[in-house]
Every structure is written in structure tokens, then in C-alpha cells.
Amino acid sequence: MPISSTDCGSFRLEWRPSRWEAGLRLVLPPLAAFAFFASALGPALPRAVQFGLAAVAFAWGLWEARRHLARPGEWLTIDAERPPVLHEQWPLLVLHPGGGRSTRVFWPDTLSPAARRALRLAARRPPARPGLPPDWMG
């Protein structure tokens with residue numbers, strides 16, 4: 001079968017944790033701690049409590065990032081008979097496989113362009129066409 005064929009059978013796709021997502025998990029908790037200091041509630045508490053909460057937020061961010069990166073990768077089998085539902089919100093691809101399996105998010109650093117294309121073909125998602133409705137005859 002040629003590579004450019006749109007008739008796609010079942011194939012396996014590797015899902016692995018994203019380093020981009022782990023980086024965001026490191027950035028957001030310190031920003032949350034800063035927002036706490038800048039809020040009206042921050043000055044009402046003693047300095048020790050403020051810094052304690054900031055330290056907890058930072059430690060929580062480190063723990064979440066490490067936990068995310070420690071997740072094992074897994075192989076997903078995309079079945080051509082039961083195509084998955086694919087939502088594309090740049091830069092993410094969100095895959096909702098059939099059969100009650102969990103949702104997987106593919107960041108740009110987890111899929112090659114060829115794998116993204118294969119996933120789009122497997123989902124059999126026709127491109128959205130702006131313009132006239134399909135029943136327009138004019």
C-alpha cells in the first residue's frame with residue numbers, strides 16, 4: 001500500500017509523557033504562589049505562613065512534574081473499524097479512543113509529523129470546510 005493512501009488499517013502508536021507539559025507543571029505553581037502574595041488574602045497572613053504556602057506550592061509543582069515524567073509510555077492500538085475521535089487544538093491532539101479507554105493528549109514533542117498524519121487518517125476526520133451548506137444547489 002502506498003504511503004499516501006487514505007485507506008488506513010489498524011496500527012500501533014506510542015504515547016509517552018511530554019517534556020513540554022512537565023515544564024509547564026514546573027512553571028505554574030510558582031506563579032500561583034506569586035498570585036497568592038499579590039492577592040488581598042496574602043498580606044492578612046503572617047510572613048511565615050505566606051512563605052510556607054509558597055514553598056508547598058513549589059514542592060507540589062516539582063512532585064507533579066516528576067510524577068508526570070515517571071509515567072511509563074504505552075502503545076495504543078488504533079483500530080480502523082472503530083476509529084477514535086480526534087480533537088485538534090493547536091498544538092495539542094486529543095485522542096478519545098473507543099471502547100472506554102482513557103483519553104490521551106499528544107503534545108508536539110511526543111509525535112513526529114508522520115505519526116500525526118497517520119493519526120489524522122485513522123480518525124477519518126474530514127477537513128472542516130467553511131462556506132455553503134452541503135444541501136445548497138445554486
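This is a short dialogue on reading a predicted model, from its core to its charged pairs.

Trainee: Which residues touch the most other members of the largest nonpolar core?

Mentor: The general idea comes first: in soluble globular proteins, nonpolar side chains tend to be buried together. Here the largest nonpolar core has 14 residues, and Leu13, Leu95, Phe106, Leu111 and Leu119 touch the most other members. Strands E1 (11–15), E2 (74–78) and E4 (92–96), along with helix H3 (113–123), each supply at least two of its residues. H3 gives the largest share, 4 residues.

Trainee: What is Leu95 in contact with, leaving aside its neighbours within four places in sequence?

Mentor: Its contacts include Leu76, Ile78, Pro84, Val85 and Leu86. Phe106 and Leu119 are also among them.

Trainee: Now the sheet. What is the order of the strands in the open sheet?

Mentor: Strands of a sheet pair through backbone hydrogen bonds, either parallel or antiparallel. In this model, 3 strands form an open sheet in the order E3-E4-E5, and the pairing is antiparallel. E3 (85–89) and E5 (104–106) each have a single partner strand, so one side of each has no neighbour in the sheet. On average, neighbouring strands are turned by 20° against each other, direction ignored. Between E4 and E5 there are 3 bridges, and Leu93 has Phe106 in E5 as its bridge partner. Helix H3 lies across E3, E4 and E5, at about 130° to E3.

Trainee: Which residues of helix H2 are buried?

Mentor: H2 covers residues 47–70 and reaches 35 Å from first C-alpha to last, close to the expected 34 Å. Its buried residues are Gln50, Ala54, Ala57, Gly61, Glu64, Ala65 and His68. They pack against helix H1 (19–38). The spacing is easier to read with one rule: an α-helix has 3.6 residues a turn, so residues three or four places apart point the same way.

Trainee: Glu64 is a charged residue in that list. Which salt bridge joins Glu64 to Arg25?

Mentor: Side chains of opposite charge can pair when their charged atoms come close. Arg25 and Glu64 meet at 2.7 Å, N to O. Arg25 is in H1 and Glu64 in H2, so this pair ties together parts 39 residues apart in sequence. Glu64 counts as buried because its relative accessibility is 10%, whereas Arg25, at 25%, is partly exposed.

Trainee: Which residues are joined into one network by salt bridges that share partners?

Mentor: Glu21 pairs with Arg25 at 2.8 Å, and Arg67 pairs with Glu64 at 3.2 Å. Shared partners thus link Glu21, Arg25, Glu64 and Arg67 in one network.

Methods
Residues are numbered from 1 along each chain as its sequence is written. This is a predicted model: local features need pLDDT of at least 70, side-chain atom pairs count only at pLDDT 80 or more; totals for chains, interfaces and linings use all residues. Side-chain values use heavy atoms; hydrogens and water are left out. A nonpolar core is a set of buried Ala, Val, Leu, Ile, Met, Phe, Trp, Tyr and Cys residues joined through side-chain atoms within 4.5 Å. Buried means under 20% relative accessible area, exposed over 50%, partly exposed in between (1.4 Å probe, protein chains only). Contact means heavy atoms within 4.5 Å. Two strands pair if DSSP finds at least two bridges between them. Axes are lines fitted to C-alpha atoms, for helices over the stretch in contact, and angles run from 0 to 180 degrees between N-to-C directions. The expected span of a helix is 1.5 Å times one less than its number of residues. A salt bridge is a side-chain nitrogen of Lys or Arg within 4 Å of a carboxyl oxygen of Asp or Glu.
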